[in-house]
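The questions below go through a predicted model, one local feature at a time. Each answer gives its reasoning and then the value or name asked for.

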Amino acid sequence: AAFEALMNGEDTKDQIAGIWFEKEYTRTYPYNSLASAMIGFANATTGVIGLENQYNDTLNGTNGRSYGYLNADSNLEQTVIEPENGYSLVATIDTNIQSIVESAILQANEEMKQETEGQATGSNNTAVLVMDPQNGDVLAMASYPNFDLNNPKDLSAYFTEEELAGMSDEDKMNQLNKLWQNYTISNTFEPGSTFKPITVAACLDEGKASRKSTYVCDGGQQVADRYIKCVANRYGGHGALSLGQALMVSCNDVMMQISAKLGKEKFLDYMDAFGIGRKTGIDLPGEATGTVFNNDTMHSTQLATSSFGQSQTVTMVQMAAAFSAIVNGGNYYRPHVVEEVSSESGAVIQSEDDAVESKVITEKTSRLLRKFLLATVEEGTANPASVKGYKVGGKTGTAEKIPRGQGKYLVSFIGCVPANNPKLVVYTVIDEPNVEDQAHSTYATEFTSSLLKDILPMLEIYP
């Protein structure tokens, strides 16, 4: 009231006891929507999601305060405790690569939307994770759709005014939570055939398969009371295959044969060693674990289907960390997005030591897997992911979503470059591409090939 009177030009000397000024701080995000789910945003001084939430106390520092009392002479004795600024984070994210990835995701979804008119988005979600397999650094982490960190509650890009007007507050909050979710760490799914390199690596390392092993795919396997088909069932099977060829043509039959020789106990041991079914420990909130079998719930049928990436669920960050261990010589690194924490003066308070967390497979096994994965891109199902002048190794995945038979698929590709000495791992997932026929991994492989053409020179990885 006193302020309103002052603004109206009234006499306020009897109404105002005093005037003081206080500093308030607000977060601003100069890159707007770039890496939005990973960076996160803050309400006042509390981080809501992403790094803002994970490192809330580190970033905030300590508020200053002042207090005092009147002494015997009625003079104010005042004490001021100055605030202490919070620390700064140095992220592993490369803003140039992140920009390339997000632009490519947006373009791909626009193209998918054009194929099926009337769809609000090009896919349920399109997500990409780019990692350095030699230390666990996350170089890019993106999903679609994203949001503006400076205006995180704005849904106008995805809903009309009429739609928003018809939503309750609860409906809007649900949509916002879905928008803010970091798909690469929080969403779980059946990986499909991108899981097969893990099965092959485990069997090689345990001596249950070798480079010289040969198999016959006749279209499927009778496992307990079920007949489980291979993708080549309609053609009578793949016929005679070596282990490398089985990976190259993505043969389910051979995966079932070698996993049966490995046995469920060893299979589960390698699952755990590769980080499947547990949190990787990435420095972000909201990481999921996935749903996997244990020694009591895994029987012959579950072992068979798990061997080719069905019936168990994973996260993208789990798969990227596991694949990195497969191609880097067998070393498992904890994936991370913060490289160091530094003080206002620039002193390093905390840094990532890039230490190997565990040895999962031997260098010999890893070297052979790299050869198999290179052949899979150069001659096999992942050929559309190839990039002229580069040796790209990788594996495709086409996972039919539950409930089966609805025509809903999650298609993916995970790969490394250069295949003989990987400097980069890239994982692309397109969850239900909104096209007439979803069951084609080429949506993911062609997308990744286009992406790598721009990313590789940026990382100074040349043909």
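**Contacts, cavities, salt bridges and backbone**

Q: Leaving aside neighbours within four places in sequence, which residues is T365 in contact with?
A: In this predicted model, T365 belongs to helix 15, which covers residues 363-378. Once its neighbours within four places in sequence are set aside, the residues in contact with T365 are A201, L204 and D205.

Q: Is T365 buried or exposed?
A: The relative accessible area of T365 is 6%. The cut-off for the lowest class is under 20%, so T365 is buried.

Q: Which side chain makes a polar contact with the side chain of T365?
A: The two side chains come to 3.1 Å in this polar contact. The partner of T365 is T362.

Q: How many cavities of 30 Å³ or more are there, and what is the volume of the largest?
A: The count of cavities of 30 Å³ or more comes to two. The second largest has a volume of about 40 Å³. For the largest cavity, the volume is about 60 Å³.

Q: Which helices and strand each supply at least two residues of the lining of the largest cavity?
A: The lining of the largest cavity includes A37, Q98 and A142. Residues 36-39, 95-115 and 138-144 are the elements that each supply at least two lining residues. By name, these are helix 2, helix 5 and strand 7.

Q: How many residues in the lining of the largest cavity are charged?
A: Among the lining residues of the largest cavity are M38, S143 and E102. Five of the lining residues are nonpolar and five are polar. Glu counts as charged, and the number of charged residues in this lining is one.

Q: How do the residues of the lining of the second largest cavity divide into nonpolar, polar and charged?
A: This lining consists of P191, F195, M271, I276, S306, G309, Q310, Q312 and V314. Gly counts as polar. The residues divide into five nonpolar, four polar and no charged.

Q: How many residues apart in sequence are the parts that R404 and E190 tie together?
A: R404 and E190 form a salt bridge, with their closest N and O atoms 2.8 Å apart. R404 lies in the loop between strand 16 and strand 17, and E190 in the loop between helix 8 and helix 9, so the pair ties together parts whose separation in sequence is 214 residues.

Q: Which of R404 and E190 is buried, and which is partly exposed?
A: R404 has a relative accessible area of 36%, which makes this residue partly exposed. The value for E190 is 10%. Buried means under 20%, so the buried residue is E190.

Q: What separates E363 and R367 in helix 15?
A: The side chains of E363 and R367 meet in a salt bridge, at 3.6 Å from N to O. E363 is partly exposed at 34% relative accessibility, and R367 is partly exposed at 39%. Because they are four residues apart in helix 15, the separation is about one helical turn.

Q: Which residue meets R278 in a salt bridge?
A: R278 is partly exposed, with a relative accessible area of 24%. Its partner is also an entry in the class between buried and exposed, at 44% relative accessibility. The distance from N to O is 3.6 Å, and the partner is D272.

Q: Which residues are linked in a network of salt bridges?
A: The count of salt bridges comes to nine. Side chains of opposite charge can pair when their charged atoms come close. The residues linked in the network are K401, K408, D431 and E432.

Q: What is omega for the cis peptide bond from V417 to P418?
A: Most peptide bonds are trans. The bond from Y144 to P145 is cis, with omega near 5°, and P145 lies in the loop between strand 7 and helix 6. P418 lies in the loop between strand 17 and strand 18. The bond from V417 to P418 is also cis, with omega near -20°.

Q: Where does E432, with phi near 55°, lie?
A: Most residues other than glycine have a negative phi. N32 has a positive phi of about 55° and lies in the loop between helix 1 and helix 2. E432 has a positive phi near 55° and is buried, with a relative accessible area of 12%. The place of E432 is in strand 18.

How values were computed
Residues numbered from 1 in each chain as written. Predicted model: local features only at pLDDT ≥ 70, side-chain atom pairs only at ≥ 80, totals over all residues. Heavy atoms only, no water. Buried < 20%, exposed > 50% of the residue type's maximum accessible area, 1.4 Å probe, protein only. Polar contact = N/O pair within 3.5 Å; in protein donor to acceptor, adjacent residues only side chain to side chain. Contact = heavy atoms within 4.5 Å. 1 Å grid on protein atoms, 1.4 Å probe; cavity = no way out; pocket = protein on both sides within 12 Å on 5 of 7 lines; lining within 4 Å. Points joined across faces, edges and corners; volume = space filled by probe spheres on them. Salt bridge = Lys/Arg side-chain N within 4 Å of Asp/Glu carboxyl O.
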